[in-house]
Each structure stands twice: as C-alpha cells, then as structure tokens.
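User: I am in my first year, and I would like to look closely at one part of this structure. Could you pick one, explain the terms as you go, and then connect it with the rest?

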Protein chains: 2
Amino acid sequence: MDASEGMITSVENIDWESHLAERTHRMKSSVIRELLKLTMVPDIISFAGGLPAPELFPIREFDEACHHVLQNEGERALQYGPTEGHRPLKEFLAEKMSKYGIWVELENILMVSGSQQGLDLIGKLFIDPGTSIISSRPTYLGAIQAWNAYQAHFCTVPLDDDGMCVDELPSLLDANPDSRFIYVLPNFHNPAGITMPIDRRKRLVEIARQYDLAIIEDDPYGELRYEGEDITPIFRLAPERTIYLSTFSKTLAPGIRLAWIVAPKPIIQRLVQAKQGADLHTSMFIQMIANDICKRGILRQHVKRLRQVYEQRRDTMLDALAEHMPAETSWTHPKGGLFLWASTPDQIDTRVFLEKATAAKVAYVPGFAFYPDEKGGSHSMRLNFSNAREEMINEGIYRMGIAMKKELAGG
Amino acid sequence: MDASEGMITSVENIDWESHLAERTHRMKSSVIRELLKLTMVPDIISFAGGLPAPELFPIREFDEACHHVLQNEGERALQYGPTEGHRPLKEFLAEKMSKYGIWVELENILMVSGSQQGLDLIGKLFIDPGTSIISSRPTYLGAIQAWNAYQAHFCTVPLDDDGMCVDELPSLLDANPDSRFIYVLPNFHNPAGITMPIDRRKRLVEIARQYDLAIIEDDPYGELRYEGEDITPIFRLAPERTIYLSTFSKTLAPGIRLAWIVAPKPIIQRLVQAKQGADLHTSMFIQMIANDICKRGILRQHVKRLRQVYEQRRDTMLDALAEHMPAETSWTHPKGGLFLWASTPDQIDTRVFLEKATAAKVAYVPGFAFYPDEKGGSHSMRLNFSNAREEMINEGIYRMGIAMKKELAGG
C-alpha cells in the first residue's frame, strides 16, 4: 500500500451536495450555535445561550448517585435497556406530574435523550414534506430546526402578552386544512418569556378539538416559576390529543441529555418505534442516576434553590435594563423560566447590531432566529438570565446599553 | 374542574394513524424487540440479543471515572456541550484508529449516541422517499429499521463466505441508477459472522468509485477478533467516500450509548447539522467518563479480556452445535464478533419454529428479520455467543438440538 492510502486527499473532489436528500436544503447549522461561536471571545458576557448556572449543579450528589447505581445495579446500568425507558424513573415522573394534574400510566411516558429528541421524533411521526404545522412567531429555535429537517410548512400566529394569539388560529387552519399539530410553550415561552393564562389554554383546546389536531405542549421550565400560581397544563385539559414534553435539562443538568414525553398510548407506541430506529434507547446509566437523585429528594431541594437564585437574577436583569437601556426599549417580565424578550428602537436591527454588541463584549440571540421564515424579529432579542452571576448581568446590560445608545446616536 | 379532567378516557377515540406521516407505514416495532418479549420467560437461554457479557463490565473502573470527572470537571460534564463531541475523546479515537491505518483529523469525527444514531443521521442525510440504497441480504436489522423510516428502497445482493457478493453490484447499480450508498459490515458481519477479505474490499471500492457512491462501513466488532490478522478497513482504501461507524457498545458498555462516525469533512458538517436537530449533542458526562477510562488504558486491557472470554464462548458454541444439532444443519465459523448464522433443514421454518424453541427454553433471532423485504432467511437463524456463560451455551444448544430433532421427526 502506498503511504497516501488512508489520507483524505483533495484528489477526489466529490460533489457531496448532489448526493444528499432533498431535506438537507432545509437543514442549516443552528443560528444560535453559529452565533455562539462568534461570541466566544475572551471576557464576553453572554446572554445568548440557554445555559443553567453551572456553579449550582449538584455535583456531589451526582457522584454519590453514580456510586450507588454502579455498586447496586452496575450490570443493569451498563447493559442495553428497553426503548420505553427505565420503569422506576417513569414511576417517579408519573407521581411528580400528578401534582400538576397530569394523571398517567407508565405506558403514557417515553424517556428520551433530551427534549430536542422529543421534537425530532414528533417530526418523524407527523411531518411529511410540506405538512403544515402551527406555531407562534417567534417560537423555539430548536423546534424550527428539528422540523425543518422534515420539510415542514410552518404556519404561524403572533404572540401577545398572553402568548399565542389563538383567535387567529381558525382562519389559519381553514387556509391550511392539512395541518397536523399546534406547537405551544405555555409556560415562560422561549424566547418570549410569556405565560398563557388558563382561559386562552381552554380556547386553544376548543380549537384543536374542532379541527381534530394534536397539541404539542413543550414545558421545559414549568417548575422554574418565581411568582404567581401554577396554571393547569394543556395536557390536563385535553389528554386525548396533547403530547407533553418536559426535561431534566433545566432542573438537574443538561449534560445528561434526559427528558420525557407524555402522550396517549397509541402515540407513545409509535414514538417508541421511531426511537428504536433513532438511537435504540436512552442511556440506562443516565436514567438510573437521575432516578437515584430524584428518589433521594435531591431534585425537589435543588429546584427550590434554582428558583431562588434565578428569581434574583431575573430581577437584577430587569433592574439593569430599566437603568441602562435607551428609553425607547421595552422587554417582557417573565414569571419564570430562563429568558426575557427585549424590543429595540426601529433604528437598531438586532442581527446587524450583534457585531457591535460583541465588540462591546456582550452577546444575545437576535430575534430573527426564532422566526421560521427568518422574517421578523429584526428589532427583538432574547436575553438569558440564568447563566451569568448578578454582577455580570449588571455589567453586561450596562455594556449593552452603552453600545445601543452609541448606535442610536449614529455609531 | 370535574374529576375526569386530566384522565385519558376512551370518550374521544382519535384515529391517530390518519394524523401520521407517510413514513410511519414503513415503521414497525423491531422484530427483534418484539420477539425478545416473547422469549422473556423464566429460565430461558437466549441467543437472540446482541448483548455483551454483563459480568465482564468494568464497573469499578466506571465508578472511578465518574468520580474523577465530577471532581475535576463537574461543571463542564453537566453543562451543554458542542454537537461535534468532546475534543479529548476525539483525540484519543483519532490516535486509536491510526493503528488500523485510519488517519484523520478531529474535524473528520462526530460523536453520536450509539451507532444506531449514526445510521439514523446517515438516513436523514442521504435518503429521500424511494431512494435506492445497497446492502447485503441478510443485513443488520437496525439499519433496516433506521432507513425504513426514511422510506428507502433497499436493493440487495447475497452474501457468500467472503461477505457481500460485490460482482453482482454493477448490474444492480445499472438497474438502480439513483442509488446513494453501499452499506457493508466487513468485519464479523451481523447477522452472518462473515468477514470480507482485502481483495473483495478493493473490488467494492472500485465499483463505488465507478458509480460515484458513498460507502457506509459499519464496524462495531472490529476489535473483537479471535483469530487471523486485521484486514485493512475500507475507509483506508477510499477515505474520500467512506463513512465509517464504530462504537463503545461492544468494547466498553452499551448502556452508555456512545459511538462515533468518521467521514470526509463536508459529510461530518452535514451530520452535525442533522444531529443538532436530532438531540443537540451526546451527553458530555458520558463522553468524559469514556475518555477517562480510555486514557487510563482500561479500554485496551478490557478488550483483551473480552477477546479471551468471547473466543472461548464461540468455541463452546461451535462444539455444541457439532454435538447436538441435526446432521442437515450448518453454520458459519466467525473469526470475531458476537454472532454466528446457522442454516436449518428445509422442513424447519425458523420463524415458526421459534415458538417451539421458546417452549424448550431457548431463543434465537429468525433469519427473516435480517431481510429488508422479510423474504428470505426462512431456514436461517442468528445465534449470539457473547452473552451466555459456557455452561449455558452448551445447555441452550442442547435444548435447541432436541427441539429441532423432534420437529424433524414430525413434532
């Protein structure tokens, strides 16, 4: 064999794009991730990611849990497991969700490798090329990315202070009669930080029933409420047609990639088939560690702590915005979650302004990233308040304010 | 709210199937998994799964690795990570693969959540509804399942003692000019246990170049060789067009769901986009644990031990087959891996016979499960020799022999 064998050389220039499936034309690298690369400069204060506060991770408790699991059930933890998920963990989740009025059996639950996988499997199940699906605009970037890969046709309604404007749905649905589901983030919407009140949830359910549509209820932050009372989940209002998603990413740790789906049994059975083909099953080891942590009451204590810290960080950001931002700016007041949504004066295009913000060592996600057609959000930005410490939040918003005022004054 | 709210009742009987995407008609629950349920009866000896020997898992080493990782890099391990994978682990893999003549940079490697995810992402990238793809018959069940979900058109060539009959490829490719890739398992083929010699690998590469096709080289068992010399990987022969898959599932533990893909950079970039939408990234915690284990030299030692034990188990199964099976039966002699492929007399349909085998407390996977069209393999079965201890292998094959002789004698 000559020495060049095994080296990828430029001799053979294959036109890979011509070998790929249609859907790849719709698949782009996540704008967030690409932008995050731009913002990875020293000393930057980033409000761009959706990252939990790493200094709060229950590291010691994880270490204990790993030791327990490996010592007591090591062979099971390291072996192949059932696609449906680890039963003891599903029992814990069924019990936990009953406090929110979601009463289900284990056959209504599927463990997945993060909520993103839930969105992907839902896309695989429901979306043919060109299938219409309904979301708010703006909506969660990860859902856009997951469903673009299935060539979905996004039909959108705007948000107001109470979330998705559901009264606009009937005319949209009449115009798109092949629609398959409505995607909502009723608690502390990503990116907008808005929560949907009970009356609007009920109206949404009425419409879904009238048009015989599934509802995808994405609820990653429901437990991270800093004020007000819990609102009945849509799943409870329409358990026959709701596919509910939640995750350990924000309450425990995103690095373990663990989430779950609750849905009618025929849908879970179909999701199990899809998951078999997608990754066989979610790591048994990870599920057993999470179960150990949950059973010892650590999750509950930890969420309590997160609520305290994140509430303070939210308040710090709200105060800093009031102090430092130009007068023509506004923002939402989230009652929970990780994000708020700020609106800038017309002269500021947040996509263009990002370069100046980055130069001023502060980062955010420009609003356009949350619009399926990328048309919209030019004067909006998503700001995360969970990741940075309070002094950094203050400093970062100060930097943003200075940069924005400079921009408004003509650069 | 009345008490029935939140309960899934049968009042609303939704016809879910009419709400689902076209592709779901091709998605079926894995035959293996459904059959495994049938065989989950007490005292059964199962040769059906592809499970490693659980008593050999390096449990103590995992415990140490968890402790190291959490103590030294806990915040990083539990946080979101890059889609591309954990760089130190990729460095280890690049170094390791160089021993097999695969010389690559980190940008040629993507970490995935098990090889099954690799197959799914490849499907997402390459397969439109009706796209032709080339495999052997029989072929790996998980690939059939992954690519059925993308509505692939499987075009197959038979296997002989040297693997895929590549000389039949040109006429098949002429008849299916839209074919996108050739899928091969050159080392210790699943299910057949056959290894492809170097000359045939070279011929395969020639044909792939002539027809400008990608090659998917699935190599989960390459390190588990019990006799003979390593054979040059196809990736080394055609690095410009080969997508190589390998995994920690058989060498370390399947419960961690960790594998990797090696491919030309443009393909890795596209796979990264697909993975972002599919599950964001593979667990950082898991990748860092694997890295810790690999760096301490444990993987190498462990694979050495697996080779010794699995070689003995293979030999035990070969001897037991010779002793107990009816005279008209034959089987392959794998030089590595986890499986052998047995052929039964014409009177025995392995799909039908499974019930009798299960009654006799022994299980296998019937051959039809490995045929994309389920036509074929009626007189074949896959037998796993890695999971059961030697005395159980003996006893299981004894039971199988008795049951088969009884069947041949007219039940």
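Analyst: Here is a walk that begins at one strand and then moves outward.

A little orientation helps before we begin. Residues are numbered from 1 along each chain as its sequence is written, while chains are lettered from A and ligands numbered from 1 in the order in which they are written. This is a predicted model, in which local features need pLDDT of at least 70 and side-chain atom pairs count only at pLDDT 80 or more, whereas totals for chains, interfaces and linings use all residues.

Our part is strand β7 of chain B, residues 214-218. Names such as this come from DSSP runs (helices are H or I runs of at least four residues, strands are E runs of at least two), numbered from the N terminus. Is this strand enclosed or open? Five of its five residues are buried, so β7(B) is largely enclosed by the rest of the structure. Buried has a precise meaning here: 20 or more other C-beta atoms lie within 10 Å of the residue's own, while 12 or fewer make a residue exposed and anything in between makes it partly exposed, with C-beta atoms placed from the backbone. Now picture the two faces of the strand. B:A214, B:I216 and B:D218 lie on one side, B:I215 and B:E217 lie on the other, and all are buried, which leaves both faces covered.

Next, look at what runs alongside. Strands count as paired if DSSP finds at least two bridges between them. β7(B) pairs with β6(B) in the parallel sense over four bridges, and B:I182 has B:I215 as its bridge partner in β7(B). To get from β6(B) to β7(B), the chain passes through α7(B), and this β-α-β crossover is right-handed (with the strands pointing away from the viewer, the path from the first strand over the helix to the second runs clockwise). β7(B) also pairs with strand β8 of chain B, residues 242-247, again parallel and over four bridges. Here B:I215 turns up once more, standing opposite B:T242 in β8(B).

Staying in chain B, there is a backbone detail in the loop between β6 and α7 (198-210), where B:P191 is found. The peptide bond joining B:N190 and B:P191 is cis, with omega about 15°. Another cis bond runs from B:R137 to B:P138, with omega near 0°, and B:P138 sits in the loop between β3 (132-137) and α5 of chain B.

Chain A has backbone details to look at as well. A:D212 lies in the loop between α7 (198-210) and β7 (214-218) of that chain, and its phi is positive, about 50°, although it is not a glycine. It is partly exposed, with 13 other C-beta atoms within 10 Å. A:R257, in the loop between β8 (242-247) and β9 (259-262) of chain A, is also a non-glycine with a positive phi of about 50°. Is A:R257 buried or exposed? With 30 C-beta neighbours inside 10 Å, it counts as buried.

Finally, step back to see how the chains meet. Laying chain B on chain A takes a turn of 180° and a shift of 0.0 Å along the axis, and gives an RMSD of 0.0 Å (the fit is by least squares on C-alpha atoms of residues with pLDDT of at least 70 in both copies). The two copies are thus related as by a two-fold rotation axis. In chain B, the C-alpha nearest that axis belongs to B:C66, 3.4 Å from it. The same surface serves both copies, since 100% of the contact residues of chain B recur in chain A.

How many residues of chain B touch chain A? There are 80, in contact with 80 residues of chain A, where contact means C-beta atoms, placed from the backbone, within 7 Å. α2(B) gives the most to this side of chain B, with ten residues. The residues on this side divide into 39 nonpolar, 23 polar and 18 charged. For that sorting, Ala, Val, Leu, Ile, Met, Phe, Trp, Tyr, Cys and Pro are nonpolar, Asp, Glu, Lys and Arg are charged, and the others, Gly among them, are polar.

Conventions. Contact = placed C-beta atoms within 7 Å.
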